[in-house]
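Trainee: I am new to this structure and would like a close look at one part of it. Could you walk me through the enclosed spaces inside?

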Amino acid sequence: MENRLDQFVRLSALLTGFAPLHLLGTGMAETYLRATDAALPDGVLDELLDAGSLPSAGSAPPTGSAVPGAPAQPGGSALAGGADPDAAAGQAIFGDAKLGPVARALILLWYRGAWTALPQEWRSAYGASPRDVDHVVSAEAYQAGLQWDAAGAHPAGARQQGYGAWASPPAALETESAPGTTGVRLPRQAGAPSVTEGARS
Amino acid sequence: MAFDIDSSAIFPIGAATRTTPQIAARKSYDVVIVGGGVSGSILADQLSQAGHSAVIVEAGPGKDVQLDEYEAYLSRFYAASVKDNQAPYPFNPNARMPRSADAMPVTPQTPDDQYYIVQDGPFCTDTTFTRVLGGTTMHWEGKALRMLPEDFDTASRFGHGRDWPLGYDDIEPYYRQAEQELGVSADVEDQRYLGMTFPPGYVYPMRKMPLSYLDQVVARGVDGMRVDLDGDRYDLRIRSFPQARNGVPNPDYDGGKGYQPIGAISTYQVEEGKRCQGNNNCVPICPVQAKYHAGKTLAKALRTGKVDIVTQAVASRVHVDKESGRISGIEYKRYQDPSSPEHTTHTVHGRVYVLAANAIENARLMLASGLPSTSDLVGRNLMDHAYLLRWALLPEIAGTFRGTNCTGGITELRGGRFRERQAGFAVDIHNDGWGWATGSPYSDLLAIVDGQRKHGRDLRAALVSQLSRQLLLAFMIEVAPEPANRVTVDRRYRDPLGNLKPVISFRVPEYSLAGASFGFDLAGQIFTRLGAEDHTTYDPRDYSYVEYAGRGYSIRGGNHLAGTHVMGKTRHDSVTDPAQRSWDHENLFLVGGGSMPTIGTSNITLTLAALAYRSASFIDTQLRTEKAPAVISAR
Ligand SMILES: Cc1cc2nc3c(=O)[nH]c(=O)nc-3n(C[C@H](O)[C@H](O)[C@H](O)COP(=O)(O)OP(=O)(O)OC[C@H]3O[C@@H](n4cnc5c(N)ncnc54)[C@H](O)[C@@H]3O)c2cc1C
Ligand code: SF4
């Protein structure tokens, strides 16, 4: 039997598009599981985990390896072909009035390292936890946010890649020119977004 | 005094906190300096090296430039849920700083009193400065351009702005000194344009930073693009910007002696920060201190043993001797606890006084002290670059979000005869994508997850496509001095310590808007050449929305504050002489951007650092020759 953490990671992989190994590699899985539990009324996360474990959902865990290419990029897309059972499972969850918003909050948690409060209507309908407020889980969580990896970058101010790396083509292009490349990407990718608002000059 | 290379990043333990107000009050210093930013630190360093004693009166807390505190800034930044550019710094109502989030539409005559800067309009600026030890360089981006020779006499040449009492050649040697101290990475071959000259054999301390892949993609569309303007022809190309961040040292520097980059400042030896790692967090805080900040200069000054610092000390009054016009002391309010307005009042004395608290604070302090000004120009001619942003999505993946905030841009249109009609500008290519304009990448993530309801691999594909193709061009537009753009004080508006707050009246001059309008169209042409899809929108409800010639724009503040105590040739048309010495008070120096008569199209810090070096030599001479009796320390 799968333990709860494994279940959580498998669901997270389905939702985020990153492989379980990559998610575990961030070192944040247990923290996020706790943060999610704390932010939700009792039992809701278990419902979501169960939905994520339905046969249709678990048949092909996403590899999350190659960075999917941009559709506008000439020379073929890494997203080529085939029905995606995970997509179907995810759509089912997303379409659910109770589980959909929770799934979206979980995606944002993984991508940003921050919990985003659920909509007020949801809380009225299914209950509210006092920890269901916008908050950054921790400094580490922010740095581990998948948004940086997804952009072929890494967090503003952390996990830097090295002098001058910004001058070479981004990883997204390299993976694309080698279709079929698999395996978990190391978190150390080039570049990084800044999230600051306001002037910088 | 020379330092051995290995100790150059060491911050003497306790040096920022060892001086109490009581100790400082008993001494008479050669120089009293208000403000421990880059201007104040350069003066403290130069004058203490020359054997003079100095005290720095600093409004912010004092432990901050040591590594432990620096790490605390970083953690605070990571954990902050609103990551604006002041997010690393704890809220301190006693030495409050403006935040971009404070900006909102203003109602002239009834300004909003809830923030530090009281905005009297009509334009609302989101400009900021930082009040911690090390000043605004703790948080600057680090572009280090020289001004063009033609920037020093724009009034005579173009009929706009004011002429400097100095020319490029007068400042050039000090530019080199500033480039050494700030540790600038650039190649002379790239920077020799529009008349900028360098002495034979000169090289920058470090080699230029490589252009980002994004720059290279943009260059494919821009290089060779021709612009005809007022009879002049410009062939545009993407050029690297000089940057005050550590790169690859140039072995030819200093006649072949080379250059040793200064890394992270700490009370103990650390290896960090000797080279930029491209993690794109330069604003608001470089995690490894590869970017220059004034703590590096300050540490050097403190190691002379001749510099004291009193921190949490907000200068509140400049005392003047009515007979002689000489300054007799600086009064300050010392708070123990940033969250309590409780404070004690003290005065420090010296032979020469330097205000180095930035253009807004210097003027505020002068005006709050009621100091007479023959020219009536204190606080007037406030300048700051106007930024126009235009953003688009490139047709291909360009690796946006990698590298330092900005590595390259377009500089040809900084100068030329068109400046008779419209402002010049420099164009930045933002390696951090649309962040400044739209809040990317978070805003994109929300749109894709919440709006488009994507998850899994679709989500990742959409994000790569959306983020890695972002292009943002930022036009940094010249703003000429206008006396009506000004800092004042008003007895109705005070901070918790009872200090008068700065009140700002500002309007973006038409001359600058003409430049903005031209820039907007140029960006459109560049996007067309690149096949990029324009996504620019300006919201008429935006606090900084302005209309010009039938079109509306959002103009962002540049944080390049200047002009409030302009230098000039006579006491009737300027506040300071060319040495930044006050015409009205012979032992008072007003140092920083405030002395600059114009700002051209270069981010001002390299120039104000050069001016600080120049003033240091005048102050040194003045201290040596002045007969003013020194009161012997009673310690
Ligand atoms: C986001 C951002 C990006 C920037 N990027 C660039 C760039 O790329 N290139 C560039 O050239 N410039 C840039 N700048 C501008 C640059 O930071 C400033 O020009 C420079 O720091 C000014 O130095 P200063 O020492 O004169 O003033 P500051 O750095 O502002 O230092 C003033 C000092 O005085 C202290 N002080 C203030 N009031 C008082 C008081 N009443 N009593 C005692 N002490 C006081 C402050 O705490 C501070 O330590 C940027 C600024 C910002 C905000
Ligand atoms: S890119 Fe990173 S390492 Fe380089 S100066 Fe900016 S923050 Fe520092």
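Mentor: Happy to help; here is a tour of the cavities, one at a time. Please keep in mind that this is a predicted model. As general background, rolling a probe the size of a water molecule over the atoms shows where empty space is left. In this structure, seven cavities of 30 Å³ or more turn up.

Let us begin with the largest cavity, whose volume is about 660 Å³. Its lining is made up of 46 residues. If you want to find its centre in the view, look for B:Phe129, B:Gly135, B:Thr136, B:Ala357 and B:Asn358, the lining residues that lie nearest to that centre. Several elements of chain B supply at least two lining residues each: the helices α2 (38–49), α10 (359–368) and α15 (605–625), along with the strand β8 (313–320). Of these, α10(B) gives the most, with four residues. Sorted by class, the lining of the largest cavity has 20 polar, 19 nonpolar and seven charged residues.

Now move on to the second largest cavity, with a volume of about 100 Å³. Here 15 residues form the lining, and the closest to the centre are B:Phe123, B:Thr125, B:Asp384, B:Phe506 and B:Gly557. The elements that give two or more residues to this lining are two strands of chain B, β16 (503–506) and β19 (551–557). The largest share, three residues, comes from β19(B). By class, the lining of the second largest cavity has nine nonpolar, four polar and two charged residues.

Key. Residues numbered from 1 in each chain as written. Chains lettered and ligands numbered in written order. Predicted model: local features only at pLDDT ≥ 70, side-chain atom pairs only at ≥ 80, totals over all residues. Heavy atoms only, no water. 1 Å grid on protein atoms, 1.4 Å probe; cavity = no way out; pocket = protein on both sides within 12 Å on 5 of 7 lines; lining within 4 Å. Points joined across faces, edges and corners; volume = space filled by probe spheres on them. Nonpolar A, V, L, I, M, F, W, Y, C, P; charged D, E, K, R; others polar.
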